[in-house]
Structures are given as C-alpha cells and as structure tokens.
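Me: Could you take a close look at one part of this model for me, the metal site, and walk me through how it sits in the rest of the fold? Keep it chatty, but stick to what the coordinates show.

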Amino acid sequence: MNPKTICLDFDGVIHRYDSGWEGADQISDLPVEGAIEGLHRLCDDPEIEVVIHSARSAQPGGITAMKEWLEYWEGVWREHNHIALTDGRWLTERCQFPKNKPAAIVYINDRGINFDGDWSQITTELKNYKPWNQ
Ligand SMILES: [Mg+2]
C-alpha cells in the first residue's frame with residue numbers, strides 16, 4: 001500500500017491562530033474545533049501520510065513549538081474523552097514535520113483559492129477572498 005501524502009497547514013487549520021503571529025515558537029491559541037480528532041482519523045488511515053508544514057517550520061524553534069503544542073492538546077483531548085494512548089504513539093510521532101514544504105497530493109490550508117483551471121475569475125476571487133475565521 002502506498003500512503004498518500006497530505007500536507008496540512010498549522011495556523012488556521014490545526015491551531016485557531018486568533019492571536020496572529022507572535023513568533024515562530026509562540027503558539028497561544030486553542031485547537032480549531034475537531035482538529036485533534038480529525039488528525040487522529042487521518043493518522044489512523046493506512047493510505048494517508050500526514051505532513052504538517054507551516055511558515056514556522058523553517059524557523060528556529062518552530063517545529064518543536066508545534067510538536068509541544070500538539071502533544072499538550074492531544075493530552076487534553078484524550079483526558080476529556082477518556083481515550084487511552086493505546087498504541088503508545090502520540091500524533092507527533094505519527095505525523096511528519098519537515099522544514100521545507102513537501103510534495104503532496106493535497107494541501108489543506110486556511111488561506112488559499114482552489115484553482116479550477118479558470119484564470120478569468122481569479123482577480124474577482126482574490127478581491128472577495130476571506131479566510132474561514134474572518
Ligand atoms: Mg494558515
């Protein structure tokens with residue numbers, strides 16, 4: 001079986017990012033609702049390889065901060081839902097955290113326009129664009 005790599009953005013997809021940019025190693029906000037459970041579902045799928053990549057990834061302390069944040073909130077989620085660490089592996093061990101943007105079959109990002117082959121509406125789409133949380 002060939003796992004398909006999907007690349008997840010961190011800020012605005014996993015982390016709510018309400019406070020905006022405070023530094024690569026500063027992550028202050030809550031998870032996006034359902035993010036921890038959703039990551040579990042993705043990581044449990046043997047056909048999917050989950051890669052988390054952010055603007056933080058190439059900066060000093062960024063990857064460590066994302067891993068520590070994710071481990072903390074996974075712990076909170078496990079405790080709240082009475083879900084034991086049955087396979088002995090945290091999400092941080094099941095996801096990859098590369099420094100550089102990886103090749104992937106799909107990128108999941110809170111800031112993007114899905115290009116459908118039609119350039120004629122791009123300017124209008126850009127001008128009307130708003131991320132989900134604004
Ligand atoms: Mg983002």
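Reply: Take the contacts between residues at least 6 apart in sequence: 67% of them join residues at least 24 apart. Bear in mind that this is a predicted model.

Now the metal. The magnesium ion is held by Asp-9 (OD), Asp-11 (O) and Asp-110 (OD), at 2.0 to 2.1 Å. Written as a sequence pattern, the donors go D-x1-D-x98-D. Asp-9 and Asp-110 are 101 residues apart, and the pair links distant parts of the chain. Asp-9 lies in the loop between strand S1 (4–8) and helix H1 (35–44), while Asp-110 lies in the loop between strand S3 (106–108) and helix H4 (122–128). Both Asp-9 and Asp-110 are buried.

To place those loops, it helps to have the whole chain in mind. There are 4 helices and 3 strands, running β-α-β-α-α-β-α from the N terminus. Of the 134 residues, 36% count as buried, and the C-alpha atoms fill a box of roughly 50 × 40 × 30 Å along the principal axes.

S1 and H1, the two elements either side of the Asp-9 loop, also turn up in the largest nonpolar core. That core has 23 residues, and Leu-8, Ile-14, Leu-39, Val-50, Ile-52 and Leu-70 are the ones with the most contacts inside it. S1, H1, strand S2 (48–52) and helix H2 (62–81) each give it two or more residues, with the largest share, 7 residues, coming from H2. Leu-70 is a good one to click on: leaving out residues up to four places away in sequence, Leu-70 touches Ile-14, Ile-36, Leu-39, Ile-52, Leu-91, Thr-92 and Phe-97.

H1 deserves a look too. Its buried residues are Ala-35, Ile-36, Gly-38, Leu-39, His-40 and Cys-43, and they pack against S1, S2, H2 and H3.

Over on the Asp-110 side, have a look around S3. Ile-105, Val-106 and Ile-108 form a nonpolar patch on the surface, with about 250 Å² of accessible area together. Ile-105 itself is in the loop between helix H3 (91–94) and S3. Why does Ile-105 count as exposed? Because its relative accessible area is 55%, and the cut-off for exposed is over 50%. In soluble globular proteins, nonpolar side chains tend to be buried together. For the surface overall, the chain exposes about 8,600 Å², of which carbon and sulfur atoms supply 49%.

Terms used: Residues are numbered from 1 along each chain as its sequence is written. This is a predicted model: local features need pLDDT of at least 70, side-chain atom pairs count only at pLDDT 80 or more; totals for chains, interfaces and linings use all residues. Side-chain values use heavy atoms; hydrogens and water are left out. Donors are N, O and S atoms within 2.8 Å of the metal (3.2 Å for Na, K and Ca); water is not among the atoms, so sites may look incomplete. Buried means under 20% relative accessible area, exposed over 50%, partly exposed in between (1.4 Å probe, protein chains only). A nonpolar core is a set of buried Ala, Val, Leu, Ile, Met, Phe, Trp, Tyr and Cys residues joined through side-chain atoms within 4.5 Å. Contact means heavy atoms within 4.5 Å. Patches are made of residues with over 30% relative accessible area and no salt bridge: like charges are joined within 9 Å, nonpolar side chains (Val, Leu, Ile, Met, Phe, Trp, Tyr) within 5 Å. Accessible areas come from the Shrake-Rupley method with a 1.4 Å probe; for residues, only the protein chains shown count as cover. A salt bridge is a side-chain nitrogen of Lys or Arg within 4 Å of a carboxyl oxygen of Asp or Glu.
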